[in-house]
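Got a minute for a quick tour of one more model? Have a look at the sequence and the structure first, then read on.

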Amino acid sequence: MNGIYQKFLNLFKTPSAIVIAARELEEARRQLLQSQSAAEYANRISAYHLDRIKRLSSYLVEANKESAE
């Protein structure tokens, strides 16, 4: 019975500085992973658009050559 009461009291106890620092460290690691995922996505989308621009530019050059003939 005392263990349950102690756990209940711990819910309202102010966490120590070490516990707060550990929680913040975990949150920082999660945010880093999210940022890295977003950066990877942005890099790949940028590469996709660059490839698309090259392909379309090449197509237009060839199409203009054919229409000029």
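What follows is a short run through fold, surface and salt bridges.

Bear in mind that this is a predicted model. The protein has 2 helices and 0 strands, and its radius of gyration is 29 Å, where a compact globule of 69 residues would come in near 11 Å. Of those 69 residues, 0% count as buried.

**Overall shape**
- Helix α1 covers residues 2–12, and helix α2 takes in residues 17–68.
- Along the principal axes, the C-alpha trace spans about 95 × 20 × 10 Å.

**Surface and charge**
- About 6800 Å² of the protein is exposed, and carbon and sulfur atoms supply 61% of that area.
- On the charge side, there are 10 positive and 8 negative side chains. The centres of these two sets sit 14 Å apart.

**The nonpolar patch**
- Which residues form a nonpolar patch on the surface? They are Y5, F8, L9, L11 and F12, and together they have about 600 Å² of accessible area.
- L11 is part of helix α1. It counts as exposed because its relative accessibility is 64%, and the cut-off for exposed is over 50%.

**Salt bridges in helix α2**
- The whole structure holds 4 salt bridges; three of them are described here, among them the pair R29 and E26.
- R29 and E26 have their closest N and O atoms 3.3 Å apart. The two residues are 3 apart in helix α2, so about one helical turn separates them.
- Buried, partly exposed or exposed: how does R29 count? R29 counts as partly exposed, at 46% relative accessibility. Its partner E26 is partly exposed too, with a relative accessible area of 36%.
- R30 and E27 also meet through their side chains, with an N to O distance of 3.6 Å. They too are 3 residues apart in helix α2, so the separation is about one helical turn.
- In that pair, R30 is partly exposed with a relative accessible area of 48%, and E27 is partly exposed with 36%.
- R44 forms a salt bridge with E40, and the closest N and O atoms are 3.9 Å apart. Here the spacing is 4 residues within helix α2, again about one turn of the helix.
- R44 counts as exposed at 58% relative accessibility, whereas E40 is partly exposed at 48%. The two get different labels because exposed means over 50% relative accessible area.

Methods:
Residues numbered from 1 in each chain as written. Predicted model: local features only at pLDDT ≥ 70, side-chain atom pairs only at ≥ 80, totals over all residues. Heavy atoms only, no water. Rg over C-alpha atoms; globule rule 2.2 N^0.38 Å. Buried < 20%, exposed > 50% of the residue type's maximum accessible area, 1.4 Å probe, protein only. Areas by Shrake-Rupley, 256 points an atom, 1.4 Å probe, with all protein chains shown as cover. Lys, Arg positive; Asp, Glu negative; His and termini not counted. Charge placed at Lys NZ, Arg CZ, Asp CG, Glu CD. Patch = residues over 30% accessible without salt bridge, like charges linked within 9 Å, V, L, I, M, F, W, Y side chains within 5 Å.
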